[in-house]
Amino acid sequence: MKKFFSTALARGLFWQLIGTLVGAGLVTGIRAAMGLSITDTFFFTEPAWVLGAFFGVLFFLGGNGSVTDWFKWARGIDTPEHHEDHYTGWEKYLNVSLDHKVIGIQYTVTALALISIGGLFALIFRTELAQSQLQFLTVDMKLFGQNGPQLYNTLMSLHGMIMIVSILLGVAGIINYVVPLLLGAQDMAFPRLNAFSYWLAVPASVLLLMSLVLGGFGTGWTGYPPLSARAPVGVQMFFLGVFTAGWSSILGALNVIATVIRMRSKGMTAMRMPIFVWAAVATSIIAMTATQLIGLSFQLVMFQRLLGMGFFDPAKGGNPVLFQHLFWFYSHPAVYVFVLPGLGVISELLPVF
């Protein structure tokens with residue numbers, strides 16, 4: 001147990017908690033000085049929770065060591081190319097590693113954990129649907145500040161996005177593990193960025209689950225306004241979680257494309273690359289160019305809630321349909337992010353077996 005608490009994962013989660021409290025406390029102090037309210041049903045106001053969650057992500061990355069090398073470079077200190085040799089066995093999978101195979105396994109295990117959580121949510125609300133009327137998610141029950149029907153909507157909404165994020169991480173896992181091996185490369189083009197991309201996904205997953213305990217949200221996984229503009233503060237954690245996971249996806253895709261362009265072994269022309277590598281390139285191009293649209297659409301709703309902007313509010317000249325246009329510029333291409341690596345695997349295996 002002592003070894004676990006000394007790992008990068010445990011340190012990161014601890015510092016994420018500290019960062020959340022620091023950010024929330026900063027906003028609370030400013031609001032108190034201005035004579036504004038400093039609390040609501042979940043201890044802090046919504047602006048405090050949002051800045052706290054943002055600080056939490058930054059503190060996680062600083063606390064777990066995934067940006068340490070970059071800070072050393074900024075101070076003029078040289079760093080070794082690989083430093084995961086200090087860890088053996090299970091420890092190396094809970095610490096920052098620059099080995100593409102270790103990172104691929106980290107992605108995959110995290111994806112399986114999220115799939116299990118999202119699947120558990122599905123089991124709960126599907127069991128509720130087994131008979132008509134309410135069975136155990138009743139109006140009288142109270143859990144996480146929600147009654148049964150509200151909790152049902154939250155579980156359904158979280159299930160959708162958690163499963164999407166888990167598949168994105170699973171895709172990143174197989175691509176990270178396999179592509180450098182198929183290219184004859186020693187590692188990814190940017191090993192530190194590769195590790196950073198993975199560790200970004202961890203606090204993002206925490207934020208998604210935080211939405212459950214901060215009042216939830218009943219918008220479905222799409223987060224359409226005007227529902228999302230009126231939902232409890234939990235929807236802000238949902239937006240921030242997806243936004244952070246989107247950065248992980250974009251940076252990981254950039255790394256894959258750079259690796260395929262620059263790290264192929266001698267004599268491996270583009271037309272000699274294995275078909276799975278082509279699938280990974282196609283997936284990465286979609287992820288790198290389209291993911292920003294879902295992040296933008298969620299960010300605009302966040303600003304509308306926090307700053308009173310009217311992007312999707314007809315009373316202020318906005319249009320809720322604008323959100324749908326932005327959202328689906330990513331969310332339809334996203335299905336190919338899921339399926340293209342699978343088709344690449346099938347296309348590799350069928351000619352051999």
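Two residues are in contact here when heavy atoms lie within 4.5 Å. With that in hand, we can start from one residue of this predicted model. Leu 61 touches Ser 66, Val 67, Phe 196, Trp 199 and Leu 200, leaving aside residues up to four places away in sequence.

**The helix that holds Leu 61**

Leu 61 is one of the buried residues of helix H3. This helix covers residues 46–64, which makes 19 residues. From its first C-alpha to its last, H3 reaches 27 Å, close to the 27 Å expected at 1.5 Å a residue. Just after H3 comes Gly 65, with a positive phi near 95 degrees.

Leu 61 has plenty of company: the buried residues of H3 also include Glu 46, Trp 49, Val 50, Phe 60 and Asn 64. What covers them? Helix H2 (8–33), helix H7 (191–213), helix H9 (234–262) and helix H10 (275–307) are among the elements that do so.

**Two nonpolar cores**

Leu 61 turns up again in the largest nonpolar core, which has 76 residues. Along with Trp 49, Met 161, Trp 199, Met 237, Phe 238 and Phe 298, Leu 61 is among the residues that touch the most other members. H7 brings the largest share of this core, 13 residues. There is also a second, separate core of 14 residues, with Met 188, Met 268, Met 273 and Phe 276 among them.

**Two pockets**

Now for the empty spaces. Here are the two largest pockets side by side.

| Pocket | Volume | Lining residues | Lining by class |
|---|---|---|---|
| Largest pocket | about 520 Å³ | 25 residues | 22 nonpolar, two polar, one charged |
| Second largest pocket | about 330 Å³ | 17 residues | 14 nonpolar, three polar, no charged |

Which helix gives the most to the lining of the largest pocket? H3 does, with eight residues. H2, H3, H7, H9 and H10 each supply at least two residues of that lining. Nearest the centre of the largest pocket lie Val 50, Leu 51, Phe 54, Leu 240 and Met 302. Val 50 is also on the list of buried H3 residues.

The second largest pocket has a volume of about 330 Å³. Closest to its centre are Leu 9, Thr 110, Ala 113, Tyr 198 and Val 202. Two or more residues of its lining come from each of H2, helix H5 (100–128) and H7. In this pocket H5 gives the most to the lining, with seven residues.

Conventions:
Residues numbered from 1 in each chain as written. Predicted model: local features only at pLDDT ≥ 70, side-chain atom pairs only at ≥ 80, totals over all residues. Heavy atoms only, no water. Helix = DSSP H or I, 4+ residues; strand = E, 2+ residues; numbered from the N terminus. Expected span 1.5 Å × (residues − 1). Buried < 20%, exposed > 50% of the residue type's maximum accessible area, 1.4 Å probe, protein only. 1 Å grid on protein atoms, 1.4 Å probe; cavity = no way out; pocket = protein on both sides within 12 Å on 5 of 7 lines; lining within 4 Å. Points joined across faces, edges and corners; volume = space filled by probe spheres on them. Nonpolar A, V, L, I, M, F, W, Y, C, P; charged D, E, K, R; others polar. Core = buried A, V, L, I, M, F, W, Y, C linked by side-chain atoms within 4.5 Å.
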